[in-house]
Amino acid sequence: MARYFDIHPENPQRRSIGQVVELLRADGLIAYPTDSCYALGCQLGNRDGIDRIRTIRQLDDRHHFTLVCENFAQLGQFVHISNAVFRSIKAATPGSYTFILPATKEVPRRLLHPKKKTVGVRIPDHVVTQALVAELGEPLVSSTLLLPGHEEPMTQGWEIKEELDNQIDAVIEGDVGIEPTTVIDFSDDAPEVVRVGAGDPAPFE
């Protein structure tokens with residue numbers, strides 16, 4: 001059964017954040033709120049967790065996983081980013097955007113797009129997510145919690161617990177957006193809007 005954490009949206013309880021991070025470090029898989037919508041998340045080296053995300057969402061190997069980062073210093077360890085692209089992304093973060101960029105060798109191969117060798121990255125504007133990533137000390141491997149056959153991502157913690165109780169290890173209740181991120185592909189340096197979501201696509205069109 002998944003553990004259920006009700007974490008304050010503005011002043012996250014340090015003890016609760018610590019307990020969730022302990023689960024992540026023990027190869028747990030969590031459902032957590034972000035500024036766009038709920039996401040599934042696990043630690044970078046958690047092969048089983050990544051496989052469980054693929055199973056829950058029925059994803060193929062072309063799916064772009066996202067590394068949810070605390071800040072640009074962390075983000076820069078995992079993707080190659082030119083000065084021009086850096087300025088564009090910097091102006092839009094933190095926020096409800098996912099950026100697809102060429103990955104560095106720090107990213108496990110199983111997370112990469114098989115042909116492009118790219119990965120998604122983002123810096124969310126969400127207090128609880130930021131607290132989690134800061135305590136973990138590395139990015140969260142994440143994917144939007146959009147279940148097969150559903151038109152929209154899930155937005156209620158208790159519903160997620162009912163639906164996925166035996167497939168994940170924890171659910172964090174919290175304030176959450178209702179749209180997935182806007183996805184911008186920078187793999188060829190020029191921006192391409194791949195998905196329009198919560199973030200305004202205008203700066204990248």
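These notes cover helix H1 and the strands S2, S3 and S7 in a predicted model.

1. Helix H1 spans residues 14-25, twelve residues in total. From its first C-alpha to its last it reaches 16 Å, close to the 16 Å expected at 1.5 Å a residue. Just after H1, Asp27 has a positive phi of about 65 degrees.

2. The buried residues of H1 are Ser16, Ile17, Gly18, Gln19, Val20, Val21, Leu23 and Leu24. In an α-helix there are 3.6 residues a turn, so residues three or four places apart point the same way. The list for H1 also holds a consecutive stretch, from Ser16 through Val21.

3. The cover over these buried residues includes helix H5 (127-136) and several strands: S1 (3-6), S2 (30-32), S3 (39-42), S7 (140-144) and S8 (170-173). Two of the strands named there, S2 and S7, also pair with S3, as set out below.

4. S2 and S3 run antiparallel and are joined by three bridges. Together they form a hairpin, with six residues between the strands. Within this pairing, Ile30 stands opposite Gly41 of S3.

5. S3 also runs antiparallel to S7, with four bridges joining the two. Here Cys42 of S3 is placed opposite Val141 in S7.

6. Are the residues of S3 that point either way buried or exposed? Ala39 and Gly41 point one way, Leu40 and Cys42 the other, and all are buried. In a regular strand, side chains alternate between the two faces of the sheet. Buried here means under 20% relative accessible area.

Definitions and conventions:
Residues numbered from 1 in each chain as written. Predicted model: local features only at pLDDT ≥ 70, side-chain atom pairs only at ≥ 80, totals over all residues. Heavy atoms only, no water. Expected span 1.5 Å × (residues − 1). Buried < 20%, exposed > 50% of the residue type's maximum accessible area, 1.4 Å probe, protein only. Contact = heavy atoms within 4.5 Å. Pairing = 2+ DSSP bridges.
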